[in-house]
Amino acid sequence: MAETPKYDIVIIGSGPGGYVAAIRAGQLGLKTLVVEKDDKFGGTCLHVGCIPTKALLLNAEVYDYFKNAKEFGIASKEFSVDWVAVQARKAKVVTKLAKGVEFLFKKNKVESTQGYGRLAGPGRITVTDAKGQAREIQAPKIILATGSEAKTFPGFEPDGKTILTNKEILALKAVPKSMVVMGAGAVGVEFASIFHRFGTKVTILEMLPRAVPLEDEEISAELEKSFRRQGIAIETQAKVEKAAKTATGVAVSYTGSDGKPQAIEAETLLVAVGRSPNTQGLGLEKTRVKLERGFVKVDPYMQTDEPGVYAVGDLVASSPLLAHVASREGIVAVTHAAGKPIEPMNYNQIPNCTYCEPEVSSVGLTERQAREAGHKVRVGKFPFAANSKASILGAREGFVKIVSDETYGEILGVHMLGPRVTEMIAEAVVAMRLEGTVDDLAHAIHPHPTLTEAVMEAAHAAHDWAIHV
Ligand SMILES: Cc1cc2nc3c(=O)[nH]c(=O)nc-3n(C[C@H](O)[C@H](O)[C@H](O)COP(=O)(O)OP(=O)(O)OC[C@H]3O[C@@H](n4cnc5c(N)ncnc54)[C@H](O)[C@@H]3O)c2cc1C
């Protein structure tokens, strides 16, 4: 009988949590195996999440430039969307990056195998391949990085054509004429922004009182205003009750914000109401791993309650479902598993980015959270309408808002809505990590003309000393 293969560490799942952990494990000299059920590496992020959506958002932006070409003094009479070419470019970007993961595995001597991984007992994993053949692998350390899937409900099952999740919508054969988006979280508003700009009539229905509900309230209000101005219909406090397929699409029934029953018809319905962790079928019931509403409970080093078993990424309880968080958790887990020193996870300084139009980004406490936490809050705000680069770009919507503590000027949170703000939030993350104050941001000389000057000006505004307003 063949001997059971032995590794120092086995990682189940190759999304940004798993593959980053694997590369670091290789760098640390561990004999490493990645088990991935799909025939490609990269997970949700690379194949049906971050990367394809941002690729489509760029196409939508380019199309927008064509539509507004006159404003830039360019006459462009004939142009149209070639959806097949749009999809092909997206696929090319994804394939290139997936090959990159493969290359990095080789470079760092990370082995991989295709199959469904599950825990089979202390230090043991079973891998079942597509033909149903199971084999056992041993490793003293195991990282669960199996991610999440879109939440669906009975009556809202995706059919690939009319009722869609993030997966099916990315494979649409044509731009739909109309779409109802259920949920105004990051996924919902990003797809709304993409398809609205390609010409789809979009209606967003959100059960909570505001769009992007985890963001600062002023950001939500400004985004909703912008969406309405652009022609994206958005109704909050609207509870979707039923989706019935029709000859031309889908009839969506919901209870409106006035408490009255409403109905709307569209060609497609995107269900974007959150994610479910992939913890089923992992063999967790035979272990000491504890779950919280299906998500895996871990300590700040990503250790579960089962000795030697770690969990990272979307399947972790109370961890924001973001690729960069999954990757950091992967590095923390694998370094700890290797017995090397590493800072535990700190969830207070995580950048949140939503790549809708206009973009949203934030880190730290919202104004309300800061007040509720007992801080003496000082807010500095600066509008992009007063920033020179924003005028050059023709994108003057939005603002930068800094929430600080009045006592020493500690930066508690930074919130932005506007052009390219997802590229700008890292400055605030670094400042907060270095325990910087609002004065540090104000006195750090920012280059001109750039959008980043709005951060400096918002810091000056905390003392009512903004120059350009
Ligand atoms: C539409 C959309 C857009 C997004 N955009 C962004 C964004 O712009 N920025 C951002 O930070 N985040 C974004 N996210 C979130 C991001 O994709 C996730 O947070 C991230 O992918 C989580 O990484 P992960 O490694 O935990 O899991 P995943 O990326 O989900 O990877 C898990 C992997 O595990 C594999 N797997 C599952 N079970 C098993 C098993 N039993 N055996 C073997 N393999 C298994 C899966 O096939 C998959 O490859 C987006 C998500 C969506 C849906």
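Okay, let's start with a helix pair: α1 goes past α8 in a right-handed crossing. Keep in mind that what we're looking at is a predicted model.

So who's touching whom? On the α1 side you've got Pro 16, Gly 17, Val 20, Ala 21, Arg 24 and Ala 25. Across from them, α8 brings in Ala 323, Ala 326, Ser 327, Gly 330, Ile 331, Val 334 and Thr 335. Sorted by class, that contact comes out as eight nonpolar residues, four polar and one charged. As for the geometry, α1 covers residues 16–27 and α8 covers 323–337, and the two pack at about 35° with 7 Å between their axes.

Right, on to empty space. How many cavities of 30 Å³ or more does the structure hold? Just one. The largest cavity has about 30 Å³ of space in it. Its lining is Leu 119, Gly 121, Pro 122, Gly 123, Ile 142, Thr 287, Glu 306 and Val 309. Class-wise, you get four nonpolar, three polar and one charged.

Now the pockets. The second largest one has a volume of about 890 Å³. There are 30 residues lining that pocket, and Glu 61, Asp 64, Arg 197, Glu 357 and Ala 395 sit closest to its centre. Which helix gives the most to this lining? That's α3, with seven residues. Helices α6 (186–197) and α7 (217–230) each put in at least two, as does α3 (50–67). And the make-up of the second largest pocket's lining: 13 charged residues, ten nonpolar and seven polar.

Okay, over to you for questions.

Terms used. Residues are numbered from 1 along each chain as its sequence is written. This is a predicted model: local features need pLDDT of at least 70, side-chain atom pairs count only at pLDDT 80 or more; totals for chains, interfaces and linings use all residues. Side-chain values use heavy atoms; hydrogens and water are left out. Axes are lines fitted to C-alpha atoms, for helices over the stretch in contact, and angles run from 0 to 180 degrees between N-to-C directions. Helices (H or I, at least four residues) and strands (E, at least two) are DSSP runs, numbered from the N terminus. A crossing is left-handed if the near helix is turned anticlockwise from the far one by less than a right angle, and right-handed if clockwise. Contact means heavy atoms within 4.5 Å. Ala, Val, Leu, Ile, Met, Phe, Trp, Tyr, Cys and Pro count as nonpolar, Asp, Glu, Lys and Arg as charged, and the others, Gly among them, as polar. On a 1 Å grid over the protein atoms alone, a cavity is a set of points where a 1.4 Å probe fits but cannot get out, and a pocket is an open set with protein on both sides within 12 Å along at least five of seven lines; lining residues have an atom within 4 Å of a point. Grid points are joined across faces, edges and corners, and a volume is the space filled by probe spheres set on the points.
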